[in-house]
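Visitor: I am new to this structure. Please take me through one part of it closely, and then show me what lies around that part.

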Amino acid sequence: MLKSGIYMQLAPVLFGRGVLAYAGEKTRETGITKALVVTDQTVLQLGWAEKLTSYLSASSISVTLWADVETDTPEHTVRTAATLARDRQINGVVAIGGGSTLDTAKAISVIASNGEAILQEIPAYLSGQKKYPVKPFPTVLIPTTSGTGSESTFVAVISSEVLDCKIGLPCPPAYAIVDPLLTVSVPPLVTAFTGMDAFSHASEALTERKNTHHSDLLAYEAIHLVSQWLPIVVKDGNNLEAREYLALASNYAGIAFNEAGVHLGHSIAHALGHVYHIPHGICCALVTPAVIEFAAKTYPEKIKRTGEAMGLSVRSDDPAEIGCQVAGQVRALLRETGIPSLAAQGYAREQILAVKPLIYGEPLSTTYDGIITEQDVENVLSGMYDKYGD
C-alpha cells in the first residue's frame, strides 16, 4: 500500500537564465509597493542588488536598501532591519543573496509586522501552538547560491540569542525567482559546500517522518543532479549548463525538504555551526555520509536507490554494506569537490563529540522516521570525524 501524505509547494518559482529581469512585475503581483531590499555586502559589490532595485523601481515600487546581512542570521540583525522596515512603513521584503540573506528576509517580515516579542517564543510558533497575531509581510526571495533552497521553505533559520541555538522561525515565501546566472560568481569552495547542503536536504528528506512519494521523487532527482553537476561547476564556475542544473537541484531539494523535513544531520549541523561557527553547508556535507550509514540500517532500499542516483551500482542486500558503499561514494564526492575534513579545519575529535548533549532530544533529531539512540548520535559524530578518507 502506498504511504499517505500531502504534496505541497509554498509559492510559485520563476526559474531560468535572466529571469531576474522580471523581479519588478512579479514583486508587484504579490502586492508589495514599498519594499525593503535585503542583501549583504558581497552581493551589493557584485551589482546584483543595484540591478534588482532598478527593476523594482521600474515597476513603481518604492525601495529601501539594507545590506547588512550577517552569516547565520543573528537575531540582532533581524531586530535592526525590522525596526528600519517599520520606520519606512514597508509592506514587503525582497531578498537577493545566499541562505543567510533569504532567512534574514523571512525573519524580518515576521518581526516587522508582529514585533520583537515573537523572538521570545519561537518554539511555540514553530510547533504551531501559537499563531502570529498579524500576517507577516510578503517576501520575494532571489537566491545567489545553489544550496539552501530557502526560497521554497517555510522557515527562516536564525541564531537565537534568547534560546542560544539555531532554530527555525516560520515564514513561507510569497514568490521565488531562481536565476542561475546569479550564481556564476560564487567561488569553488562555497559552490561545493552549498551544493552539498542541497544534497543533505534531499538525503534527509527521504527518511524523515513526513516524507511522501512526491518529496522522494524530487529528492532522488536532486541527488542525481548534484552528483553529476557539482564537480563540473567546482572545476569550471563559468559552465552555465552546470550552474543551471545545480540551481534546479537546489530548488528541488528545498521543496522536498519543506514537504518532508530534515532530521539528525541538520540537528548536528546546527549544533556545530552554533558552537564553532563552521559554515552550515560544510557541516551538512561532512555529516551526510555518516547519517546515510545510520539510515541504511532501517531503510536499505532507499539508501541503495540514493547510491544509484549517484551512478553507483550497489549489488549487496546487506544494510551495513549498502550504507558503507553509498557513504563512501558521498565522501569521494566531498574530496573531489575540495570540502575539507574537520581535522583539516583544525578541530579535534573531542570537540566534535562534545556537542552530543546539544543533539540528542533536540527537535530535529526526533523527526527521523525511526529510532535514534544516544549511541547512534555518538556513532554519527564519530563517523563524521573519523571516516572522511574512506
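Guide: What follows is a close look at one strand, its sheet, and then a helix and some empty spaces.

This is a predicted model, in which local features need pLDDT of at least 70, side-chain atom pairs count only at pLDDT 80 or more, and totals for chains, interfaces and linings use all residues. Residues are numbered from 1 along each chain as its sequence is written, and side-chain values use heavy atoms, with hydrogens and water left out.

Start with strand S2, residues 34-38. Helices (H or I, at least four residues) and strands (E, at least two) are DSSP runs, numbered from the N terminus. In S2, 4 of the 5 residues are buried, so the strand is largely enclosed by the rest of the structure. Buried means under 20% relative accessible area, exposed means over 50%, and partly exposed lies in between (1.4 Å probe, protein chains only).

Now look at the partners of S2. Two strands pair if DSSP finds at least two bridges between them. With strand S3 (residues 62-66), S2 pairs in the parallel sense over 5 bridges. Ala35 has Val63 as its bridge partner in S3. For Leu36, the partner in S3 is Thr64. S2 also pairs with strand S4 (residues 92-97), again in the parallel sense, over 4 bridges. There, Leu36 has Val93 as its bridge partner.

Step back to the sheet. It is open, has 6 strands in the order S1-S8-S5-S4-S2-S3, and its pairing is parallel. Strand S1 (13-15) and S3 stand at the edges with a single partner strand each, so one side of each has no neighbour in the sheet. On average, neighbouring strands of this sheet are turned by 15° against each other, direction ignored. Here axes are lines fitted to C-alpha atoms, for helices over the stretch in contact, and angles run from 0 to 180 degrees between N-to-C directions.

Next comes helix H5, residues 99-114. Its 16 residues reach 23 Å from first C-alpha to last, close to the 22 Å expected at 1.5 Å a residue. The expected span is 1.5 Å times one less than the number of residues. H5 is mostly covered, with 15 of its 16 residues buried. Gly115 follows H5, and its phi is positive, near 95°.

Now the empty spaces. On a 1 Å grid over the protein atoms alone, a cavity is a set of points where a 1.4 Å probe fits but cannot get out; lining residues have an atom within 4 Å of a point. Grid points are joined across faces, edges and corners, and a volume is the space filled by probe spheres set on the points. The whole structure has 3 cavities of 30 Å³ or more.

The largest cavity has a volume of about 50 Å³. Its lining includes Pro143, Glu151, Asp179 and Asn251. Helix H9 (residues 240-259) gives the most to this lining, with 3 residues. By class, the lining of the largest cavity has 4 nonpolar, 5 polar and 2 charged residues. Ala, Val, Leu, Ile, Met, Phe, Trp, Tyr, Cys and Pro count as nonpolar, Asp, Glu, Lys and Arg as charged, and the others, Gly among them, as polar.

The second largest cavity holds about 40 Å³ of space. Among the residues that line it are Met8, Leu10, Glu151 and Ile255. This lining divides into 5 nonpolar, 3 polar and 1 charged.

Notes:
On a 1 Å grid over the protein atoms alone, a cavity is a set of points where a 1.4 Å probe fits but cannot get out, and a pocket is an open set with protein on both sides within 12 Å along at least five of seven lines; lining residues have an atom within 4 Å of a point.
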